[in-house]
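The exercises that follow are meant to be worked through with the sequence and the 3D view side by side. Each one sets a task and then gives a solution in steps.

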There are 2 protein chains.
Amino acid sequence: MRTIETCISPELIHLHQIKGKTVVVVDIFRASSTMVTALANGVSCILPVKDLEQCRAYKNQGWKIAGERNGQQAEGFDLGNSPLVYLNWQFSGEKIAMTTTNGTRAISLVQNEASEILIGAFLNITALVNYLETTQKDVLVVCAGWKGKFNIEDALFAGALSLALGWEHECDATMAMEAVFQNAGRDLSNFLQKASHAKRLQNHHLERDIEFCLSLNQYEEVVFLEKNVLKLK
Amino acid sequence: MRTIETCISPELIHLHQIKGKTVVVVDIFRASSTMVTALANGVSCILPVKDLEQCRAYKNQGWKIAGERNGQQAEGFDLGNSPLVYLNWQFSGEKIAMTTTNGTRAISLVQNEASEILIGAFLNITALVNYLETTQKDVLVVCAGWKGKFNIEDALFAGALSLALGWEHECDATMAMEAVFQNAGRDLSNFLQKASHAKRLQNHHLERDIEFCLSLNQYEEVVFLEKNVLKLK
């Protein structure tokens, strides 16, 4: 019998066993949504990079560089962190080196120990559920959060994923977020209007990004990490 | 305009400003429920003590010592961590030195910086709300959790408290737990059957403690920390 648990902040990762688990990294606004969208729109691979400097080194070396800090495109970068720019196969065939405030950090925390790393987004949640049902390992959902703090949209995804899987578990965070999703799931974007990160993005006029990141099952592909690079399964 | 935020684990306390705030420490199963019950039943004061050894030193020095680790009474202690033993004014007039797995640790983390420290429990939530409405400071709810992990019953109390206060806030954790309480509040004990800590207590045949800790407004008193000692307001 498999189980699922949720790590609600990267700062609590030491309280969870990572080894031998399938880890789903979630950063709904916007890193994981952008990763799924980019790869589903033909980007050949994404290299998650920890910091801006390291990412800059890839520029003009056969990579496009995508970087964001505090919700805004970093200076000198080809791309920010919006999923929308990847639509209509605009960057099809390109390789992207990407660094974000919270999302790439969450990946780096589990990279050495996880049995497999997948990227979670509402945009392909059903595909992810279907894939997880074919695997054998316990699942740990790691929420990217915001600078260490609990982020409701990431945790909400964990609740939605757990409800869809229907596995038994003893994780209070997962249990709480299942209840929130049962309450809010019918109108995610209305519920998340008040979320702290949504407000932050609204301040940058990124409402269309928010709306897009909360749309369910736009893609049927699953994203995973292979040899430090994100690809489609 | 005042605001409220929730620290969902003592391990995330460094992400929150404590200075100048009214801090409400919550450990529903069972430290904060026991503190409220004991003081409302005539205990003259409670000294929260960090560890078992330190607590033992108070024995036979005019104090009863209450100690629990992993849900069970510690060896050589007068009392465990059950609120029920204090009912019917059984320990009226006594001074209690108390140490618990998570609750007293949460108090010690905020003791130096908070403007005021209150103890939160469902047993006196309305009294606490009424008191907070008369104060001027922002409120930080600190959930004791379980060995650093998120605990649903503590976080649920934060949601209930915030709903009752009705203050505006930008705290995602508070927002999430408001939604859980709206979902679960009508039948707390049924909802919390599945909570990890409730299961832990059920294993020790402490169902009556759970039921009691989840009963609303048994007491009209508010508990606060004054010079390292818990007393009634």
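**Exercise 1. A residue and its accessibility**

Does E5(B) count as buried or exposed, going by its relative accessibility?

Solution. Begin with the conventions: this is a predicted model, in which local features need pLDDT of at least 70 and side-chain atom pairs count only at pLDDT 80 or more, while totals for chains, interfaces and linings use all residues. Residues are numbered from 1 along each chain as its sequence is written, chains are lettered from A and ligands numbered from 1 in the order in which they are written, and side-chain values use heavy atoms, with hydrogens and water left out.

Next comes the rule, by which buried means under 20% relative accessible area, exposed means over 50%, and partly exposed lies in between (1.4 Å probe, protein chains only). The relative accessibility of E5(B) is 17%, so E5(B) counts as buried.

**Exercise 2. The partner of this residue**

Find the residue with which E5(B) forms a salt bridge, and say where both partners lie.

Solution. A salt bridge here is a side-chain nitrogen of Lys or Arg within 4 Å of a carboxyl oxygen of Asp or Glu. The partner of E5(B) is K149(A), and the closest N and O atoms are 3.6 Å apart. The pair crosses between chains, since E5(B) belongs to strand β1 (residues 4–7) of chain B, whereas K149(A) sits in the loop between β8 (139–143) and α5 of chain A; helices (H or I, at least four residues) and strands (E, at least two) are DSSP runs, numbered from the N terminus. K149(A) has 32% relative accessibility and therefore counts as partly exposed.

Now look for the counterpart pair, in which the side chains of E5(A) and K149(B) meet in a salt bridge at 3.6 Å, N to O. E5(A) is in strand β1 of chain A and K149(B) in the loop between β8 and α5 (152–165) of chain B, so this pair joins two chains. E5(A) is buried, with a relative accessible area of 17%, and K149(B), at 32%, is partly exposed. Through shared partners, salt bridges join E5(A), K21(A) and K149(B) into one network.

**Exercise 3. The contact between the chains**

Describe how chain A and chain B are related, and what makes up the contact.

Solution. First, a rotation of 180° with 0.0 Å of shift along its axis superposes chain A on chain B with an RMSD of 0.0 Å, the fit being by least squares on the C-alpha atoms of residues with pLDDT of at least 70 in both copies. The two copies are therefore related as by a two-fold rotation axis. In chain A, the C-alpha nearest this axis belongs to V180(A), 2.7 Å away from it.

Second, with contact taken as heavy atoms within 4.5 Å, chain A gives 32 residues and chain B gives 32 residues. The same surface serves both copies, as 100% of the contact residues of chain A recur in chain B.

Third, the two chains bury about 2,500 Å² between them, 63% of it on carbon and sulfur atoms; buried area is the accessible area (1.4 Å probe) that two parts lose on being put together, summed over both.

Fourth, there are two salt bridges between chain A and chain B. On the side of chain A that touches chain B, the elements giving two or more residues are α5 (152–165), α6 (172–184), α7 (188–192) and α8 (196–203). The largest share, nine residues, comes from α6(A).

**Exercise 4. Two buried residues of chain B**

Place N151(B) and D154(B), and list what each touches beyond four places in sequence.

Solution. N151(B) lies in the loop between β8 and α5 of chain B and is buried, with a relative accessible area of 0%. Leaving aside neighbours within four places in sequence, N151(B) contacts D172(A) from the other chain, together with G145(B), W146(B), S196(B) and H197(B).

D154(B) is found in helix α5 of chain B, and D154(B) is buried too, with a relative accessible area of 0%. Not counting residues up to four places away, D154(B) touches V26(B), D27(B), I28(B), F29(B), C143(B), A144(B) and G145(B).
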